[in-house]
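Student: Could you walk me through the empty space inside this protein and the way its helices pack?

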Amino acid sequence: MTQPKSNSFSIDNQRLHFTDVGQGPVLFFVHGFLADNTMWQPQIAQLSENYRCISVDLWSHGQSDSMPTGTTSLITIAEHCLSLLDYLNVHQCCVIGNGTGSAIAAEMVLAKPAQISKLVMANSFIGFEPQVNCAKYQAWVDQISEQKQCHEQLANTIADMFFVNSQTSTAKSAFISKLIHLSPTQIEQLALFSPLAFYKRDTLELVEQFSLPCLIMIGEQNQLRTMLEAYLMQDCITGSRLLQIANSGHFSNIEQAEKVNQTLESFLR
């Protein structure tokens with residue numbers, strides 16, 4: 001695989017980092033809260049042989065700057081992603097999201113349906129976040145913010161919610177290390193981003209507007225999202241397909257990369 005080219009796109013003097021590799025039909029990858037665009041490496045390594053793969057670091061994640069002034073919701077972030085695609089002269093693409101990235105992907109479809117040809121939403125729920133989840137996730141953020149660091153015990157607790165497959169211990173260890181080494185500035189920025197992810201709007205009420213092929217995937221052992229939520233999304237989105245990924249959790253694209261890659265290639269064809 002050709003090494004992804006690292007770039008940045010400025011919005012109100014804030015840099016939005018992304019990588020761009022491969023040629024062909026465009027795939028636009030959007031990660032979720034606490035991840036970054038490196039989570040898509042198993043997919044980009046294979047798919048970039050036949051597709052142009054663009055993978056973004058969301059604001060306050062990875063190598064991107066903090067959110068620009070006026071960023072008030074995932075709708076705003078979807079608009080930023082669409083502006084990036086316009087900057088790159090991408091007139092049509094498939095958007096692939098995981099977690100919060102899927103909610104952003106859905107907002108992109110609602111904003112510019114003609115620009116998005118296909119949609120993949122993995123390990124996500126685009127309805128209202130259940131209050132019990134909001135309280136749990138906010139408690140994590142509050143604890144990290146108060147202590148100005150993510151201690152190892154909490155980092156392990158969070159990682160155990162994201163990963164279930166013991167064969168991905170290297171990826172899990174890297175995820176834990178990133179959490180432990182968050183700087184006070186990064187923590188402050190993530191704390192500002194988190195409400196946008198936790199208290200997102202209910203787009204299930206709007207998916208009747210979807211008229212594109214849609215694939216929903218969920219790790220069968222996902223501890224952050226439920227199978228019921230996935231079934232509800234499938235029921236609301238006409239013609240959508242649901243696939244359960246065995247022996248995987250929230251990062252099923254890492255834990256079962258080969259299965260996910262095969263599924264994506266089939267869906268994209």
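Tutor: We can take the cavities to begin with and then turn to the helix pairs, keeping in mind that this is a predicted model.

Student: Okay, how many cavities of 30 Å³ or more are there?
Tutor: The count comes to two cavities of that volume or more. The largest cavity has a volume of about 300 Å³, while the second largest has a volume of about 100 Å³.

Student: Which residues lie nearest the centre of the largest cavity?
Tutor: Phe33, Thr100, Tyr137, Arg225 and His250 lie nearest its centre, out of a lining of 22 residues. Helices H3 (100-111), H4 (131-147) and H7 (184-198) each supply at least two residues of that lining.

Student: And how does the lining of the largest cavity divide into nonpolar, polar and charged?
Tutor: It divides into twelve nonpolar, seven polar and three charged residues. The lining of the second largest cavity, by comparison, has eleven nonpolar residues, one polar residue and no charged residues.

Student: Which residues line the second largest cavity, then?
Tutor: Its lining consists of Phe33, Leu34, Tyr137, Trp140, Val141, Ile144, Ser145, Ile158, Leu182, Ile187, Leu190 and Ala191. Phe33 and Tyr137 are also among the residues nearest the centre of the largest cavity.

Student: Which helix gives the largest share of the lining of the second largest cavity?
Tutor: H4 does, with five residues, and both H4 and H7 supply at least two residues each.

Student: Switching to packing, at what angle do the axes of H4 and H7 cross?
Tutor: The axes cross at roughly 170° and come within 10 Å. Because angles over 145 degrees count as roughly antiparallel, H4 is described as roughly antiparallel to H7.

Student: Which residues make that contact of H4 and H7?
Tutor: On the H4 side they are Cys134, Tyr137, Gln138, Val141, Ile144 and Ser145, and on the H7 side Ile187, Ala191, Ser194 and Phe198. By class, the contact of H4 with H7 has seven nonpolar residues, three polar residues and no charged residues. Several of these residues, including Val141, Ile144 and Ile187, also line the second largest cavity.

Student: What about H2 and H3, are they roughly parallel or roughly perpendicular?
Tutor: The axes of H2 (residues 74-87) and H3 cross at roughly 70° and come within 8 Å, and the two helices are therefore roughly perpendicular to each other. H2 passes H3 in a right-handed crossing.

Student: Which residues meet there?
Tutor: Leu74, Ile75, Ile77, Ala78, Cys81, Leu82 and Leu85 in H2 meet Thr100, Ala103, Ile104, Glu107, Met108 and Ala111 in H3. The contact of H2 with H3 has eleven nonpolar residues, together with one polar and one charged residue. Thr100 also lies among the residues nearest the centre of the largest cavity.

Student: Last pair: how far apart are the axes of H5 and H6?
Tutor: The axes of H5 (residues 152-162) and H6 (residues 169-180) are 9 Å apart, and the helices pack at an angle of about 140°. That angle makes H5 oblique to H6, and H5 passes H6 in a right-handed crossing.

Student: Which residues of H5 and H6 make the contact?
Tutor: H5 contributes Glu152, Ala155, Asn156, Ile158, Ala159, Asp160 and Phe162, and H6 contributes Lys172, Phe175, Ile176, Leu179 and Ile180. By class, there are eight nonpolar, one polar and three charged residues in the contact of H5 with H6. Ile158 of H5 is also part of the lining of the second largest cavity.

How values were computed
Residues are numbered from 1 along each chain as its sequence is written. This is a predicted model: local features need pLDDT of at least 70, side-chain atom pairs count only at pLDDT 80 or more; totals for chains, interfaces and linings use all residues. Side-chain values use heavy atoms; hydrogens and water are left out. Axes are lines fitted to C-alpha atoms, for helices over the stretch in contact, and angles run from 0 to 180 degrees between N-to-C directions. Helices (H or I, at least four residues) and strands (E, at least two) are DSSP runs, numbered from the N terminus. Angles under 35 degrees count as roughly parallel, over 145 as roughly antiparallel, 65 to 115 as roughly perpendicular and the rest as oblique. A crossing is left-handed if the near helix is turned anticlockwise from the far one by less than a right angle, and right-handed if clockwise. Contact means heavy atoms within 4.5 Å. Ala, Val, Leu, Ile, Met, Phe, Trp, Tyr, Cys and Pro count as nonpolar, Asp, Glu, Lys and Arg as charged, and the others, Gly among them, as polar. On a 1 Å grid over the protein atoms alone, a cavity is a set of points where a 1.4 Å probe fits but cannot get out, and a pocket is an open set with protein on both sides within 12 Å along at least five of seven lines; lining residues have an atom within 4 Å of a point. Grid points are joined across faces, edges and corners, and a volume is the space filled by probe spheres set on the points.
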